[in-house]
Amino acid sequence: MNWIAANIIPLQATVTTFLLALSFQFPMRLGLFSLAGVGLFGVGAYSSGIAFAKFHWDTWSSVAFGVVVAALVGLLLGLVVARLGGLYLAMATIAFDMIVVVLAGNLTPLTGGYMGLFGIAGKVELWHLGIIAVIVAVLFALSERGGMSRRIEAVHDDAALASSQGINVSAYRLTAFLVSGAVAGLGGALMLMVRNTTTPDAYGFGLIVVALTVAIVGGTKSWIGALIGTIIFTWLPVFLTVVGEWREVVYGVIVVLAALFFPTGIWGSILGVRKRLAERKHAGQRDVVDEMATEPDAAETEFLQTVAGKDSEQ
Amino acid sequence: MIQSIMNAAVLGSIYLLFSMGMSLAWGTVGILNFAHGAIFMFSSFAVYLITSMTALPAILCVIIAALVGAILSVLMQTLVYGVIRKRSTDHHAAERNVIIGGIGLAAILIGFASHATKSGSFGFATTDQNPVLEFAGIRITAVSLTIFVVAIAISIALAMWIRRSRGGLALRTVGVDAETAKLMGINESRLAIGTMAFAGLLAGLAGGLLTIHLVAINPTTGDGLLLKAFAAIILGGVGSVLGVVIGSFVLAFVETFMILGGVGGWASAVAFAIIFLVLIIRPRGLFGRAEVRRT
Amino acid sequence: MTASMTGEPAVLETRDVAVHYGGIKAVDGVSISLGGNRIFGVLGPNGSGKTTLLAAITRLTKLTRGDLVFDGVSYATAKPHQVARRGIARTFQTVRLLADRTVYDNIALGTDVPPKGTKRTSKERRDAIDEAIGRTGTATVLKRYPAELSYGSQRRVEIARALASRPRVLLLDEPTAGMNQHEREEVAALMSKLRDEGLTQLLIEHDVQMMVDTCDYLYAMNFGRLIGEGAPASVVQDPDVREAYLGKNWDKNHA
C-alpha cells in the first residue's frame, strides 16, 4: 500500500475534483451553462470550516453543514438566474463565483480574510472519500436510467417539448442548481477537511477554468464523463512528471485537441460511436426502413414492404 | 480630484482598448475568445523577446505588438475557432467548445511565457523615455495620454466604420442573423477572420501600450483583465461600440473612486457585481440588442 | 357549453380569448368549442393568429382576456406543463423528437408524466405505449433513431408519443408541413382512424384540401378573429372566407 501513501494527494483530489466536476456536469446535462459549482465548492468549504473552527462541531456534522449551506445558496442563485440563457448564464455564474471569492477575502472575522482558514484538522480518511464517491456515483447513475433520464434529456434538448409532455421545466432547473450546490458543497467541505487550510483565491478564475475543462472534455451527458475528465486532469500531470514545467502547455494542447475532435467530450464520442454502430446495423437489415402501414395487418404490411421497400429508402 | 479623474480616465482607456476587440468579435461573429487576455500578454512578450536583443523606439514596440496580436488571433480563428464552428451541428455545443478551445489556447500561450520568464514580469527595452507632462496642475505621462487618445480615436473610427461602410453593414448583419447574412452573400468565414484579426490587433496594441505604461507585466496580467472586459461589455451591451466605451469608463471610475474612498478591498468586486446585477435586471446591458435567439 | 355541431358537452373551449402584444392583436376574441370525438380544424392564412391561438390554448403565451376551459374547469392561469397533465396533447410544426433516443424511448416519454391526479403503474405505462404503437403502426422501427426515419414516419412517432399519454384532446400544429402527397394522406388517414376510435382532435393546417377532407368542423380565422365556422364544405363557400385567402383559383381546382 506504499503506492497509496505516496499518491495520497492525487487520490484525495480525484474524489474532490470528481464532486466538483459533477457540480458542473449536472446542470449542463439539463442544458444550463452554469459555472457556479466553483463558488458553491467554496461556500461548502468555508461553511464547513466555520462550523468546525467556530462552532466546534465534529467533522461530519461540519461537512453536512457545508453541504446544506451550499445547496441552499445554489437554490437561491438558481431562483435568481435560471431564466438566463446560454452565455449570459455562464457570465452570471462566473460573476457569482468571483463574488464568493471577494466575500471570503473580506469577511475576515468569519472567514479569516485573505489569509484564509487553517487548522481545520478534520478526520477524513481516504476510504471515507472512496465510499462517498461511490455513493454519489450511484445516485447520479440512477438519474440516468429510465423515465428520469428521458425527462432530463427532454429538458436539455427542447424545453417547449418537455413542457408539452407535462414536465415542469423550471422545477427541474431549480433542482439542478440545488443538486449542483449539494455536490459542490460536499466536495469543498471534504477538500478542506483533508487539506486543513484554504484561502479565497483557491476558488477563483483558475479553478473555474479547471472545472469547466474537466467537465466538458470528459463529457457532460453522464457522471461517467465527469469521472473520465477528472482522472485525466488529475493523473496526467502525475504520470507525465517529465512534462513538469511544461505542464500548462501540455494541458492547453490536450484541451484544444478535445475541443476540436471531441465536441461532445470523450464520453460523448464513445456514445456517438455506439449510436452509429447501431444505425449501421439497422441499415444493414434490408427489411422495412420506414414504410409503415396504418392498419397493422400482417399480410398487408408484408405486401407493402416488398412493393414499397426499395423506393422509400432514403 | 482632477488627478483622480485623469487616472480613472486612463484606466478606463486601458479597459476600453482591451475590451473593444473582444466585444466586436463576440457581438458580431459570435466568438467569445477566452484567449483574448493571452493574446494581449503574448504580443507584449514577443516584443520583450525582440527588445531583449535590441532596444527599439516605443512606437515600434507598440506596432509590433499589434501585428503579433493580429497574427495570433488569425491563427486561432483559422486553426481552432473556425474549425470548431464549421464542424458543429448545434449552436450551444459550438459556443461551449469555442470557450474550451480558447481556454486551451490561453494555457498554451501563458505556459510558454511563464516558462520563459519563470513566471516573473517582463517589459520592453525602449529607446525612448516616458516623460511626465504637466499642465494646469495635472500630471500625466506621455504614454497615458497616448493610451487615452488612441482608445477614443479608435472607438470613434470604429463606430463610424460600422455605421457607414459596407463592411460594417455586413458585420452588423451577421451579428443579427448569421443565416440570412449567408444567404445575402456575406462570406462569414472571411468576415470572421477579419474581425478576429482586428480584435487581435487591438489586444496587441493594448498589450504594448500597457507594458510601457506599467513598465512591466507578467504572464497572468491578461487573464485578470479578461474579467474586467466581461464586466465592461455586459454593462455596455454586447456588440455596441458606445456600450463598451461607457462600460469601460464606468467600471474604471467606480473602481478608482472606491479605492480612494477607502473600500479598496471591495473594489475588485465591483466588476463582478456589475455583471451579476446587469444580467439579472437588464441582460442586454445599456446599448445591447434584445436577444433575438431564444435559448 | 356544447361542442360546436355535435350537441355534446365540450371538452376544450376557448371563450373570447384575446392575445395582444403591444399594439398587435394577434388573437382578438376567439371562441371555439371542441368535443364529441370529432376532428376540428382552424383554417387561416399566415398571420391570421391560428398559431398564437394554439400557443394560448397550450399556455405558452399569456391571455390578454378570455378564458380557457377544460371539462368545464377554467385553466387560463395554469403553467404550460400543467396543460399536458390535464389531458391535452400536442404535436409541433417541426417534428420534435429526442435525437439520441430510440423510437421506443421517444414514445415512452409520453407516459412519463401521468395525467393530473392519477398514478400509473409500470404495467399501465407499458400498455399505453404498446397501444400507441399499435394505433400508429410504428412497431417495426422501435429500435431505430429518429434520424433514420423519413419525415412522415417521424411525424407518426410524434403522434404515437402524444397518444401514449392517453389524451382527451390532441392538437396538431401543421402536421403535414414539408410532406409529400403520400405522407399527407397517411397523416389524414391516421387522424380519421383515431377519430373513429374515439378522440377529439384540433388540426391547424395550410393545406386547405386536406382540411376540407379530414375535418368534421372548420373554424376560419383572419386578423385574429373568427370569420366563419361550420361544416367544411360550407365554410369554404363563405364569401368572407374566400376573400380572405382562398383566391379565385379555389373554384377552378377544387369545386
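**Close-ups of a predicted three-chain model**

**View 1. Helix α6 of chain C, end to end.** With 18 residues, α6(C) runs 26 Å from its first C-alpha to its last, close to the 26 Å expected at 1.5 Å a residue. This is a predicted model, so keep that in mind for every view here. Which residues of α6(C) are buried? They are R184(C), E186(C), V187(C), A188(C), L190(C), M191(C) and L194(C). An α-helix has 3.6 residues a turn, so residues three or four places apart point the same way. As for partners within chain C, the buried residues of α6(C) pack against two strands, β3 (39–43) and β8 (200–205), plus the helices α4 (122–136), α5 and α7 (208–214).

**View 2. Where the two domains of chain C meet.** The domain assignment splits chain C into domain 1 (1–87 + 170–255) and domain 2 (97–167). Taken over C-alpha atoms, their centres are 24 Å apart. At the meeting point, 13 residues of domain 1 of chain C are in contact with twelve residues of domain 2 of chain C. On the domain 1 side, α2 and α6 of chain C each chip in at least two residues. The largest share of that side is five residues, and it comes from α6(C). By class, the domain 1 side has seven nonpolar, two polar and four charged residues.

**View 3. Chain C up against chain A.** Here 34 residues of chain C are in contact with 27 residues of chain A. Four helices of chain C each bring at least two residues to the side that touches chain A: α2 (80–86), α3 (103–108), α5 (151–164) and α6 (181–198). That side of chain C is a mix of 13 nonpolar, nine polar and twelve charged residues.

**View 4. Chain B up against chain A.** This contact takes 39 residues from chain B and 35 residues from chain A. On the chain B side, α3 (58–87), α4 (91–117), α9 (221–236) and α11 (267–281) each supply at least two residues. Which helix of chain B gives the largest share of this side? That's α4(B), with 17 residues. The side of chain B that touches chain A has 24 nonpolar, eleven polar and four charged residues.

**View 5. A92(A) and the largest nonpolar core.** This core has 271 residues, and A92(A), L17(B) and I275(B) touch the most other members. Its largest share, 16 residues, comes from helix α10 (residues 169–195) of chain A. Zoom in on A92(A): leaving out residues up to four places away in sequence, it touches V81(A) and L84(A) in its own chain, and I275(B), F276(B) and L279(B) across in chain B.

**View 6. Confidence along chain A.** Chain A averages a pLDDT of 87, with 89% of the residues at 70 or above. Among its elements, α10(A) has the highest mean pLDDT (96), whereas helix α15 (residues 298–308) has the lowest (51). Over residues 286–301 of chain A the pLDDT stays under 50, and the model has 36 contacts there beyond four places in sequence. Residues 309–314 of chain A are also below 50, with eight contacts beyond near neighbours in sequence. Where pLDDT is low, the predicted coordinates should not be read in detail. The domain assignment gives chain A domain 1 (2–263) and domain 2 (273–308), with C-alpha centres 45 Å apart.

**View 7. Scores for the rest of the picture.** Chain C averages a pLDDT of 87, and 93% of the residues score at least 70. The model scores ipTM 0.87 and pTM 0.87.

Technical notes: Residues are numbered from 1 along each chain as its sequence is written. Chains are lettered from A and ligands numbered from 1 in the order in which they are written. This is a predicted model: local features need pLDDT of at least 70, side-chain atom pairs count only at pLDDT 80 or more; totals for chains, interfaces and linings use all residues. Two residues are in contact if their C-beta atoms, placed from the backbone, lie within 7 Å. Ala, Val, Leu, Ile, Met, Phe, Trp, Tyr, Cys and Pro count as nonpolar, Asp, Glu, Lys and Arg as charged, and the others, Gly among them, as polar. A nonpolar core is a set of buried Ala, Val, Leu, Ile, Met, Phe, Trp, Tyr and Cys residues joined through C-beta atoms within 7 Å. A residue is buried if 20 or more other C-beta atoms lie within 10 Å of its own, exposed if 12 or fewer, and partly exposed in between; C-beta atoms are placed from the backbone. pLDDT is the predictor's confidence in each residue, from 0 to 100. Domain bounds come from an automatic or database domain assignment. The expected span of a helix is 1.5 Å times one less than its number of residues.
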